[in-house]
Amino acid sequence: MPSPRFRDTGRFIHRPATSGVFRPTTLADLMRCLDPAANVALPIRIRGAGSAATDCNTAAHGTVVDMTGLDRIINIDSHNRTVTAEAGVRLGTLVSELAEHGLELVGNHEQMERTLGGALASPCMGPSIGGHAAYLSSQVTGMKVVTADGKLMKVSSEKQHLLNAFRLSYGALGVIAEATLRVRPQMTFTANHRGLSIGTFADVTDRLAARDVGFKFYLLPHKDRVYLDLRRYETSPGSPYNAPWKIKDWGESTVLPQVFRSLGRVLPIPSMRYRLIDSISTATYDLVNTRLVRNGNNVTATGRHRRRKPRGLQYSSWCFPATDFSVVIKAYTEFCRETYARTGFRCDLPAVGFRVSRDNSALLSPSFDEPAIVLQATTTQSAGWEDFVIDFSQFAENWGGTPIFSQSRALRADFARQMYSQRLEFFRKVRRQLDPRNRLLNPFLAQYFA
């Protein structure tokens, strides 16, 4: 007599772990997702806006936790000048809400489509004016974190070393669910713009890096042109207006990428296409940088508050010592020209750079020891880009660049260990204590943090 078949009760049948994307909307949902009993596929990676240039927030065969459902602004304390919000709130939304109370985030930060959690777990930066907050994470005074095994942990300035480890931790120590940050009354700065040759800009870079000003620049290496944006706080700077900054942002982040992407389809001859691209870039930056924007603050200067990053843009960023950048920018110009002559590839968008001040508030801060200048190569083109970022990575290594784990493409693990040295080793020890089973470690981050 044949034996009866076991019923699929779950007692005898092993059910495979569930993979996919989870979008919690409450803290309890997030804790249940990370609970080992939930049987979700490993590794678990945390994603905010998905703006990273590397694979730090992906999990091809695991689970991605989409934090955008946790998007409440919990409290704005105008008296103590703090704001508490969930990790999924967009920076643009947070900036707008703070402006209603006459407040702003400390520092000049970009990419307003990012989520708060993502901007604390990886570098969120912009043109620092003097020593004002190189990274948004430096303003965090406390966090609620869900650990790798689904437990709630509170991290505050009373545990300063642990807080420093969680800042810029790339989601490898735990999931930031909520954070409290210092904010300040709105401060207006003047914005001066000028076009320079690359040689002239290199001559003044050292002096600018040492002064109490913020600067951002747009580099056209094949046109021998730099468009420089100088920012400084003044006693009576005048009133800032939103419209000019929105037009500037629209021209730089929407019009140029769309036009250049279209030119790539309709003009197959590279020499003709790039001549036209350089002419359009020059005309655009002459207009939006020199004639529109005069004053701003950290509300107006963020431009339009998008919900997602501009589509089709690819980028890779490295940090270089500010004291060496006058030489680095000349070398980068030659690198771009040599690469184009050798391979036929060049970025169709200007490279963007800005100064960030020294900041040792985070264990993995790229400017832990000294001020740095971030250099970001950006393009709308896919063909040839992967080879270019490998060459750019080698260039950065040769010139003492410090990598950013979420933004530096083609980063070698040996070089990351060399540049972050003992700080990275200490971070790895903390990570092994908080996540001994590597539940939050995907293959990309395992190269550096395992």
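Four acidic residues form a negative surface patch: Asp 206, Asp 324, Asp 369 and Glu 370. The model is predicted. One member of the patch, Asp 369, sits in a loop. That loop runs between strand E15 (351–356) and strand E16 (372–379). Asp 369 has 56% relative accessibility, so it counts as exposed. The cut-off for exposed is over 50%.

Now to the aromatic rings. A search of the whole structure finds 28 aromatic pairs. Two of them are set out below.

| Pair | Distance between ring centres | Angle between planes | Class |
|---|---|---|---|
| Phe 320 and Phe 395 | 6.2 Å | 65° | edge-to-face |
| Phe 345 and Trp 385 | 6.5 Å | 55° | tilted |

Take Phe 320 and Phe 395. Planes over 60 degrees apart count as edge-to-face, and this pair has its planes at 65°. Phe 320 belongs to strand E14 (residues 314–321), while Phe 395 belongs to helix H9 (residues 385–398). The pair therefore ties together parts that are 75 residues apart in sequence. Phe 320 and Phe 395 are both buried.

Phe 345 and Trp 385 make the other pair in the table. Their planes stand at 55°, so the pair is tilted. Phe 345 is in the loop between helix H8 (325–343) and E15. Trp 385 is in helix H9. This pair therefore links parts that are 40 residues apart in sequence. Phe 345 is buried, and Trp 385 is buried too.

Helix H9 thus holds a ring from each pair: Phe 395 and Trp 385. Strand E15 borders the loop of Asp 369 and also the loop of Phe 345.

Technical notes. Residues numbered from 1 in each chain as written. Predicted model: local features only at pLDDT ≥ 70, side-chain atom pairs only at ≥ 80, totals over all residues. Heavy atoms only, no water. Patch = residues over 30% accessible without salt bridge, like charges linked within 9 Å, V, L, I, M, F, W, Y side chains within 5 Å. Areas by Shrake-Rupley, 256 points an atom, 1.4 Å probe, with all protein chains shown as cover. Salt bridge = Lys/Arg side-chain N within 4 Å of Asp/Glu carboxyl O. Lys, Arg positive; Asp, Glu negative; His and termini not counted. Charge placed at Lys NZ, Arg CZ, Asp CG, Glu CD. Helix = DSSP H or I, 4+ residues; strand = E, 2+ residues; numbered from the N terminus. Buried < 20%, exposed > 50% of the residue type's maximum accessible area, 1.4 Å probe, protein only. Phe/Tyr/Trp six-rings, centres within 6.5 Å; stacked < 30°, edge-to-face > 60°.
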